[in-house]
Amino acid sequence: MTPTHFAFSSAFMLGLAGLAFHRTHFLSALLCLEGLMLSLFIALSLWTLQFNTMNSASLPMILLAFSACEAGAGLALLVATTRTHSNSRLQSLNLLQC
Amino acid sequence: MTPLIYSTLIISLGIGTTLTFASTHWYLAWMGIEINTLAIIPLMTQSHSPRATEATTKYFFAQATASATLLFAATSNAFFTGSWDILQTNNPLTYTLMTLALAMKIGLAPLHSWMPEVMQGLTLLTGLILSTWQKLAPFCLIYQIQPHSPNLFMALGLLSIVAGGWGGFNQVQLRKILAYSSIAHLGWMVLILSFSPPLTLVAFSTYLMMTFSLFYSFMMTKTTHINSLSTSWAKIPTLTALTPLILLSLGGLPPLTGFLPKWMILQELTKQDLALVAVLAALFSLFSLYFYLRLSYTMTLTMPPNNPAGTLPWRLNPSHNTLPP
């Protein structure tokens, strides 16, 4: 495993742990999601330098576009949750319990 | 929702799945899955009720996490092997991570906890799209991953059959029951994947047809709870006679179609010297059969407002005197 690979893998794992263990705020989960996408962006951007190919040089841009769409959707859901549940804490999302 | 936006979202759903089906590059497959996720989110929050918003939030988090993990596994695989080809996922770490990410996408145990709650908050039509169409794209990718050992898929499959059966035991909400039945059926499909992929496709196509029929019959009678199911016999009597057939087919009873994939899967498992796994899978799908039978019992065999448990046989020697003296 090259140092580059290790670096973005550990960044991803940290973000994933943050997303899996988020406790209070909706926004912190969205931030961890953005962190995941950022680590993947760095990985794809370093691909060209690491492997000396120009094959997949446009991949980071497309990833950025999709991650921006996803972040927008997440923020819209944050606003919708605040409108219906009066706050964006994750403990208040308890209407659908089994 | 205006027809233009509605048709844009439906077409985007179609484009996403088609993109994943047509791709050999992991990145394009990931893009198709992302398009699917983004397109169904407005469809879920259509009614703007608190339950719908909460269901959409939980769905968004589960799917976004799984998508990011899938792309990370694909990127790791590309760093290890130098290839973005879907059929060349050779590294054990990466295909394990990919399998787990795709399992979270479609709702296999132990990553299934978002599924019943999300299904509960949606309308029946959106729930139908969620449990049939949204499973196609990740399933196409699961089908193409070539694992070296069948252990992970068997573990996921067996756990899903157990979780789908056991979880639906005490449910009265029909959408949660349908979610648990979906988890159990996906477990059957994934169980046999590493031994005989055509059987997985047989199980998947029969599951699609049966789930579509069941959702549609619930949509026609507009029932979402066992109580309203029990009084729905007067709305469409023919449907009341036919829905037990669909339910028993989902439960896997011969001579209905739902028996076919289960039979072939059990046969293939015994051929591979895995008789214990076959026995466990068959025994745990009895739990699912229990709640399908309960649905067909309350729908067809009882006429409300009689309490179904109260229609017991007459006791000739009563233990208490219930009449006043």
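**View 1. Residues 201-221 of chain B, a span that is 100% helix and 0% strand.** The C-alpha atoms at its two ends sit 30 Å apart; helices here are DSSP runs of H or I with at least four residues, strands are E runs of at least two, and both are numbered from the N terminus. The unreviewed UniProt entry lists this stretch as a "transmembrane region" of chain B, along with others including 92-111; such positions follow the numbering used here, with feature names shortened, and may be inferred rather than shown by experiment. This is a predicted model, where local features need pLDDT of at least 70 and side-chain atom pairs count only at pLDDT 80 or more, while totals for chains, interfaces and linings use all residues. Residues are numbered from 1 along each chain as written, chains are lettered from A, and side-chain values use heavy atoms, leaving out hydrogens and water.

**View 2. Residues 92-111 of chain B, at 75% helix and 0% strand.** Here the end C-alpha atoms are 20 Å apart.

**View 3. A:Leu63 in the largest nonpolar core.** That core (buried Ala, Val, Leu, Ile, Met, Phe, Trp, Tyr and Cys joined through side-chain atoms within 4.5 Å; buried is under 20% relative accessible area, 1.4 Å probe, protein chains only) has 79 residues. Beyond its sequence neighbours within four places, A:Leu63 is in contact (heavy atoms within 4.5 Å) with residues including A:Phe41, B:Tyr27 and B:Trp30.

**View 4. B:Leu295, in helix 14 of chain B.** B:Leu295 counts as buried because its relative accessibility is 1%. B:Ile177 is 118 residues away in sequence, yet the C-alpha atoms are 9.5 Å apart. B:Leu295 also touches B:Leu174 and B:Leu247, among others.

Technical notes. Buried < 20%, exposed > 50% of the residue type's maximum accessible area, 1.4 Å probe, protein only.
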